[in-house]
Amino acid sequence: MLYQGRRSCGQSFRWILQAFLQADGLPFGDVLSEEDIQQAFEAEHACFAQDEGDIYTPAMTLWAFLSQVLHAQRLRSCAAAVLRVTVLCVLLERRPPSPDTGAYCRARAKLPERVLSRLVYDLADSLESRVPADWLWQGRHVKIGDGTTLIAPDTPASQAVWPQPRSQKPGLGFPLLRMVVLFSLATAAVCGVAVGPSKGKQTGESALLRSLLDRFQPGDIFLGDCGLCSYCLVALLLARHVDVVVRQHQRRRTDFRLGQRLGKEDHLVVWQRPQRPTWMDEETYAAIPPTLTVRELKVRVDIRGFRVQQFVVVTTLTDAEHDCKDEIAGLFRQRWHAELDLRNIKISLQLDDLRGQTPEMVRREIWVHWLAYNLIRKTIAQAALLHEKLPRQLSFAAALAAVAASWGNATLARQDLLTALAAAQFRVIAWHQVGDRPNRLEPRAIKRHPKPHPWLRQPRHEARAQLCGSSPTP
């Protein structure tokens, strides 16, 4: 039947979990349960479409929205999502919706951004708290920070919030978003997301990361690149009992003849507090210690073809006996996982193909993509635990294909069939392991050339009018 469980939000959210192969008795089964999703919607009073004949309830709308994320190209359109809803309604012996996508699009706009972000974070936090000890780095949770950019459809509303780069002429560019993300090293789940414009004051990666400080827990280790290496950021993280392993900023010079020597090209050095930055209030600045004792160590790369031959790592793990130089260098090397995780969300889940016409809809798209990403990461963690592997050894693309292939059948499957289907798909996911190629070299070039279309160098309405020989009309 269509309506299951409590009626407060229209229908059961079990469909969503079953679509991601969540059967009874699986490990991590209590990570983002049906009740958790229900409570998140109720907390934001997002209980629309409550009448008996309504189709686009919160559960149905979120199910259809997630299905768009999992499918590619034409199958990710709103029209394709409505067709999937039509099939589901027919199987449930309910009245199918109109082919018009208007009702579905209006329902998507009712999904609160705070609900979507809460689901993403609840899933990540719950999964991280339950990982086995052998998935951690020396028993500690590590979060990797990295940034990227996204482009949104060229609408006046989005241009006002996320202006296009100054190098692009008006009418020829796209709104450009900057996004900083925190990933779990153990599970690859996303633990924090901050989005802002790409230009203007306090729009850099460091500023966005500061908005995510609450996403760290005492005892965590932060792993980041040189753009996230600053005195104030390190001090703010230490105040939360979070250790840091980052690459030295290019403007800071390291002299291993100074400080307390721990080994070859490995020493402790005292940093002096800089002047108060404009973004920091006086109270916070006064709470920051006047000096920081950090460890600097040089990592040499003796592999031909690598772009960098040596660099300096800065860390607050100052006990050389407990954390040797090679272990810290090996940990920093795993920062590259963030690049691969961003590739998975932008390429495999096509986050770089945003379609929302308003900033609010673009933000919903981003959060639904991250929700789908974390649900797939949960599925990978289950397959890894059942088959005695590590989550990062398994292919995200293979897990995405397994979930997408089972989407329609798993949604309404009986528990016994769902259990069998999940077991079969977990075997497939565990079989597709990521190649262990730590020193892989590839030229930064492509073999297949793009089609030789000329660049659009004037606003589209002017180019269209020029073809027609008429006056331009916006």
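Let me begin with helix 11, residues 325–333, which lies across strand 1 (142–151), strand 4 (221–224), strand 5, strand 7 (266–272), strand 8 (291–300) and strand 9, and which runs at about 80 degrees to strand 8. I should say at once that this is a predicted model, and that everything I describe is computed from it.

The sheet under discussion is an open one, formed by nine strands in the order 3-2-1-4-5-9-8-7-6, with mixed pairing. At its edges stand strand 3, residues 190–197, and strand 6, residues 260–263, and because each has a single partner strand, one side of each is left without a neighbour in the sheet. From one strand to the next, the twist averages 25 degrees.

Within that order, strand 5 (residues 243–247) and strand 9 (residues 310–315) are paired in the antiparallel sense over three bridges, and R247 has V313, in strand 9, as its bridge partner.

A second helix to consider here is helix 6, which lies across strand 2 (176–184) and strand 3, and which runs at about 145 degrees to strand 3.

Helix 6 also brings us to helix 2, residues 34–43, whose buried residues are E34, I37, Q38, A40 and F41. Why do these residues sit on the same side of helix 2? They cover an arc of only 160 degrees around the axis, and that is what puts them on the same side. As for what covers these buried residues, it includes helix 1 (14–19), helix 3 (58–70) and helix 6 (113–129). Finally, just after helix 2, H45 takes a positive phi of about 55 degrees.

Notes:
Residues are numbered from 1 along each chain as its sequence is written. This is a predicted model: local features need pLDDT of at least 70, side-chain atom pairs count only at pLDDT 80 or more; totals for chains, interfaces and linings use all residues. Side-chain values use heavy atoms; hydrogens and water are left out. Buried means under 20% relative accessible area, exposed over 50%, partly exposed in between (1.4 Å probe, protein chains only). Helices (H or I, at least four residues) and strands (E, at least two) are DSSP runs, numbered from the N terminus. The arc is that of the directions from the helix axis to the C-beta atoms. Contact means heavy atoms within 4.5 Å. Two strands pair if DSSP finds at least two bridges between them. Axes are lines fitted to C-alpha atoms, for helices over the stretch in contact, and angles run from 0 to 180 degrees between N-to-C directions.
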